[in-house]
Amino acid sequence: MMGSRVEVPDREPPRDARGEAARVLVIDDEPIIREVLHDILTREGYFITLAPDAETGLRSLEQQEYDLIILDLMLPGLGGFEALKEIKRRDPDSVVVMITAYGSIESAVQGMRMGAHDYLTKPFKNEDVLRTLSTGLRHRRLLDENRSLRRALEGRARTGELVGRSPSMLELHRLIEQVAPSRSTVLIQGESGTGKELVAQAIHRMSGRPPDAFVVVNSGSMPADLLESNLFGHVKGAFTGAIQSKKGLFEVANGGSIFFDEISTVKSEVQAKLLRVIQEKEFLALGAVQSVQVDVRIIAATNIDLQELVMRGEFREDLYYRLNVINIKLPPLRERKEDVPLLADHFIAKYAAENRKPVHGVTPEALALLVEHTWQGNVRELENVIERAVVLSSSPVIGLELLPEALQGDRPRPLPGPIPMDGTLSFYETMERLEREIILKTLKSVNGVQRRAAARLGLNPTTLNEKIKRLKIQYR
Ligand SMILES: Nc1ncnc2c1ncn2[C@@H]1O[C@H](COP(=O)(O)OP(=O)(O)OP(=O)(O)O)[C@@H](O)[C@H]1O
Ligand SMILES: [Mg+2]
């Protein structure tokens with residue numbers, strides 16, 4: 001009976017915010033109640049899934065999003081309140097309707113305090129069920145609409161915005177505001193992926209210069225003469241093949257800003273000419289006799305220590321000092337871990353909107369892992385990890401399983417000793433540790449032969465092997 005669809009509803013079926021038939025998950029251990037609810041609700045046009053216990057229900061929630069959850073509070077195994085807590089933890093916007101026994105108003109009140117939307121008292125009338133669900137669904141649609149509205153607004157306000165509330169990021173915001181309006185050159189230093197280009201854009205945006213007049217120069221491995229002609233342009237006939245004159249990037253950026261990405265790669269011939277533009281505020285196009293006056297704000301970035309290059313004689317000292325009037329150092333992400341949750345949220349919103357997926361958060365376990373990771377690739381690496389997880393996710397909240405193996409590697413190993421079962425660890429962490437212990441002990445009893453361990457445990461060998469990999473169990 002799982003997930004059976006309505007044949008022909010008498011009325012317009014209840015719809016979710018996207019206009020699809022509303023989905024209801026019923027978690028109840030009594031077959032008769034499941035059957036009754038299934039009949040009433042399918043007849044009305046709901047798309048319904050039945051679960052006989054909390055564990056099954058939670059698994060269904062991992063597979064898809066439900067508009068409404070009907071939850072019996074008296075459940076075997078993981079109880080109703082535990083289940084409610086877990087459901088709300090995974091998605092605070094879940095709309096849960098509890099089923100309580102007649103006369104147990106206290107538990108209904110407790111459930112409402114824990115975030116349930118409403119409750120039904122057994123025995124219930126069909127109309128009560130339908131009315132309660134219809135109110136719940138309206139509430140759910142509102143939440144959904146609010147969420148997408150909020151996201152659209154945030155998306156707009158945040159394009160190109162530097163996310164971060166750590167002391168170093170707050171300091172950065174202050175510094176940008178302060179230096180943006182001036183003409184001084186800025187040197188931005190930071191590891192790859194720390195946001196140097198974003199900072200350069202922010203400086204330009206707040207400089208009061210025309211928004212479009214922002215030119216990025218990526219000199220990379222460009223030969224000196226090509227870079228020179230790109231930067232300063234040339235006149236017709238300046239060299240063989242120069243059949244037309246061409247404007248250089250300095251002229252294109254006139255009135256605005258020019259951003260030298262990875263300034264350290266600029267060859268020494270060009271370094272001399274750059275110095276001249278900075279000092280004289282004018283330059284000579286290739287083959288020209290008349291110099292051109294420009295007003296261009298120069299911003300440069302590097303991810304290597306420029307001062308060291310100067311000491312080694314690979315970068316002009318005078319240019320270094322000219323560029324380094326204002327110095328901005330971007331700290332690596334691992335030194336401002338407190339920004340990870342904000343950044344993760346920011347990228348989830350970005351990629352959820354881009355991929356039209358209802359993903360809106362990460363589980364506490366996944367977040368802990370993200371915060372603890374060392375992020376050699378800094379914010380860019382975090383962005384890539386989140387994009388991948390959002391694309392692969394089939395539930396509204398990103399769990400551990402969607403994070404790359406490499407990240408799972410730095411998860412601290414569980415401490416030896418008895419597994420606490422008093423809620424010190426979450427339900428799933430406890431289960432993982434139990435699984436690990438069962439597998440390790442069985443492997444030991446069969447001298448590490450996986451096939452035999454699988455047979456003893458009554459598991460498919462492939463399943464056991466997957467578990468061993470997922471839990472990173474090493475048996476020697
Ligand atoms: N503070 C931040 N808030 C939001 N997004 C950020 C932040 N910092 C970096 N990003 C994002 O991370 C990615 C990498 O940033 P950016 O390209 O500015 O880094 P970079 O320092 O120039 O790296 P590289 O040295 O490799 O060129 C971009 O997609 C950028 O939008
Ligand atoms: Mg860059």
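A residue is taken as buried when its relative accessible area is under 20%. In this predicted model, Phe 232 meets that description, and Phe 283 is buried as well.

The analysis of ring contacts gives six aromatic pairs. In one of them, the ring centres of Phe 232 and Phe 283 are 5.6 Å apart and the planes stand at 40°, so the pair is classed as tilted. This pair links distant parts of the chain, 51 residues apart: Phe 232 belongs to helix α8 (residues 224-232), whereas Phe 283 belongs to strand β11 (residues 282-283). For Phe 250 and Phe 260, the centres are separated by 6.3 Å and the planes again make 40°, so this pair is also tilted. Here too distant parts of the chain are linked, with Phe 250 in helix α9 (residues 249-252) and Phe 260 in strand β10 (residues 257-261), ten residues apart. Phe 250 and Phe 260 are both buried. A single aromatic cluster is formed by Phe 232, Phe 250, Phe 260 and Phe 283.

A ring is also involved in a contact with a charged group. The charged end of Arg 23 is placed over the ring of Phe 47, at 4.7 Å from the ring centre.

Strand β10, which carries Phe 260, is part of an open sheet of five strands. The strand order is β7-β10-β13-β6-β14, and the pairing is parallel. The edges are occupied by β7 (214-218) and β14 (326-330); each has a single partner strand, so one side of each is left without a neighbour in the sheet. On average, and with direction ignored, neighbouring strands of the sheet are turned by 20° against each other. Within the sheet, β10 pairs with strand β13 (residues 297-302) in the parallel sense over four bridges. Phe 259 stands opposite Ile 299, a residue of β13.

Helices pack against this sheet. Helix α6 (residues 167-179) touches β13 and β14, and the direction of α6 makes about 155° with that of β14. Helix α7 (residues 196-205) lies across β6 (186-190), β7, β10, β13 and β14. The angle between α7 and β6 is about 155°. Strand β14, one of the two edge strands, is thus among the strands touched by α6 and among those that α7 lies across.

How values were computed:
Residues numbered from 1 in each chain as written. Chains lettered and ligands numbered in written order. Predicted model: local features only at pLDDT ≥ 70, side-chain atom pairs only at ≥ 80, totals over all residues. Heavy atoms only, no water. Phe/Tyr/Trp six-rings, centres within 6.5 Å; stacked < 30°, edge-to-face > 60°. Buried < 20%, exposed > 50% of the residue type's maximum accessible area, 1.4 Å probe, protein only. Lys NZ or Arg CZ within 6 Å of the ring centre and 35° of its normal. Pairing = 2+ DSSP bridges. Axes fitted to C-alpha atoms, helices over the stretch in contact; angles between N-to-C directions. Contact = heavy atoms within 4.5 Å.
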